[in-house]
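This briefing goes through one protein model with a bound ligand, topic by topic. Please keep the sequence and the structure at hand while reading.

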Amino acid sequence: MNTTEANRRLLEKRRLNETHDPMGKPDTDDALDLSRLKVVPDSVAETLRRQAPEVVAAIAEAARAANLPKRHLACDVDRSGRWGEAEASLRERLGTGCTLALIGGNGPGKTQMAVELAKDAMRAGSKAHYTTAVEMIMHFKEAYNPNSKETERVIMAQYRRYGLLVIDEYHEKRETDWERQILFELINKRYADMTDTILISNLAASGMAGIVGPSINDRMREGGGIIECNWPSFRTKPNTPQPTAC
Ligand SMILES: Nc1ncnc2c1ncn2[C@@H]1O[C@H](COP(=O)(O)OP(=O)(O)O)[C@@H](O)[C@H]1O
Ligand SMILES: [Mg+2]
């Protein structure tokens, strides 16, 4: 069986087994929906789906590896106003080996902005990856499982490889010195490697300084890399349907 035929069968099998967990990671069927990824026009997505399933599979694999949240992949992004200005200014900086922070309360579109920037990086041929601080620490902790094939060093190397790494929900002071060390080590190594890192937090600038420590904070501040997302939440826009209380 050739590759095209194998991919066609695989796609057909996935289509027949179509199930997804709305709270889980993007599953392959959703990742295969190119119109949802919005990396190519819908008409091109349709043609690719019919004529080049192996290309669709490769794009899906890149999207899965990037771990971008499903909710944010589906968003119809409004680039007007301050959100769009902030996104444009951050886009200019990507590829320069910067450490950036998006800070502010709930809903102004911090995660969405990072997802859009990750998609840009991928379109430019770079590997991007989204994670949360907790998810990443959990991954490092797995190295201590006796059955784990990955050592801490291997996991560190993996997170160093991404051209753009987004670490979301970087709110809490890490509980142990080990957790703090892992995060600092990774952010510092990435800076030395000249890869881009975006930290996202709901803390104010002073709180952020407290959890990243003075050297990372100074570095971010020098480059004007701390963006305060203090515009209104997209979740409370007047035309956004709100959940009804029960
Ligand atoms: N520029 C935008 N245009 C349209 N919708 C957006 C935009 N930014 C965010 N959203 C939507 O608003 C909601 C909140 O955005 P999110 O990025 O999760 O906020 P935050 O991370 O700041 O809490 C999400 O459903 C997201 O898809
Ligand atoms: Mg968020």
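In which helix is T111 found? T111 is found in helix α8. The model is a predicted one, and the points below start with the whole chain before turning to the ligand, two helix pairs and some single residues.

**The chain as a whole**

- The protein chain has 13 helices and five strands.
- Of its 246 residues, 28% count as buried.
- Contacts between residues at least 6 apart in sequence can be sorted by how far apart the partners are along the chain, and 78% of them join residues at least 24 apart.

**The surroundings of ligand 1**

- There are 15 residues around ligand 1, and G109, K110, T111, Q112 and F234 come nearest.
- By class, this shell holds five nonpolar, six polar and four charged residues.
- Two helices, α6 (70-73) and α8 (110-123), each supply at least two residues of the shell around ligand 1.
- Helix α8 gives the most to this shell, with three residues.

**T111, one of the residues that come nearest to ligand 1**

- Is T111 buried or exposed? T111 has 21 other C-beta atoms within 10 Å, and a residue with 20 or more counts as buried, so T111 is buried.
- Leaving aside residues up to four places away in sequence, T111 touches P69, H72, D168 and I200.
- D168, one of these partners, is 57 residues from T111 in sequence, while the two C-alpha atoms are 7.2 Å apart in space.

**Helices α7 and α8**

- Helix α7 (residues 81-93) and α8 have axes that come within 11 Å and cross at roughly 40 degrees.
- That angle is neither under 35 degrees nor in the range from 65 to 115, so α7 is oblique to α8.
- The crossing in which α7 passes α8 is right-handed.
- On the α7 side the residues that meet the other helix are W83, A86, E87, L90 and R91, and on the α8 side they are M113, E116, L117 and D120.
- Sorted by class, the contact of α7 with α8 has five nonpolar, no polar and four charged residues.

**R91 in helix α7**

- R91 has its place in helix α7, and its contacts include L117 and D120 when residues up to four places away in sequence are not counted.
- How many C-beta neighbours does R91 have inside 10 Å? R91 has 14, a count between the limits of 12 for exposed and 20 for buried, so R91 counts as partly exposed.
- From R91 to A114 the C-alpha to C-alpha distance is 9.9 Å, with their positions 23 residues apart in sequence.

**Helices α10 and α11**

- Helix α10 (residues 152-161) and helix α11 (residues 177-193) pack with their axes 10 Å apart, at an angle of about 45 degrees.
- The two helices are therefore oblique to each other.
- Is the crossing in which α10 passes α11 left-handed or right-handed? The crossing is right-handed.
- M156, Y159 and R160 of α10 make the contact together with L186, K189, R190 and D193 of α11.
- The residues of this contact divide into three nonpolar, no polar and four charged.

**Loop residues with a positive phi**

- Most residues other than glycine have a negative phi.
- N67 is not a glycine, yet its phi is positive, near 60 degrees.
- N67 lies in the loop between α5 (53-66) and α6, and it is partly exposed because 16 other C-beta atoms lie within 10 Å.
- M194 is not a glycine either, and its phi is also positive, at about 60 degrees.
- The loop that holds M194 runs between α11 and β4 (196-201).
- Why does M194 count as exposed? M194 has 11 C-beta neighbours inside 10 Å, and 12 or fewer means exposed.

**E172, another loop residue**

- The loop between β3 (164-168) and α11 contains E172.
- E172 has 12 C-beta neighbours inside 10 Å and therefore counts as exposed.
- Along the chain E172 and L203 are 31 residues apart, and their C-alpha atoms are separated by 8.9 Å.

Definitions and conventions:
Residues numbered from 1 in each chain as written. Chains lettered and ligands numbered in written order. Predicted model: local features only at pLDDT ≥ 70, side-chain atom pairs only at ≥ 80, totals over all residues. Axes fitted to C-alpha atoms, helices over the stretch in contact; angles between N-to-C directions. Helix = DSSP H or I, 4+ residues; strand = E, 2+ residues; numbered from the N terminus. Parallel < 35°, antiparallel > 145°, perpendicular 65-115°, else oblique. Left-handed = near helix turned anticlockwise from the far one by under 90°. Contact = placed C-beta atoms within 7 Å. Nonpolar A, V, L, I, M, F, W, Y, C, P; charged D, E, K, R; others polar. Near = placed C-beta within 6 Å.
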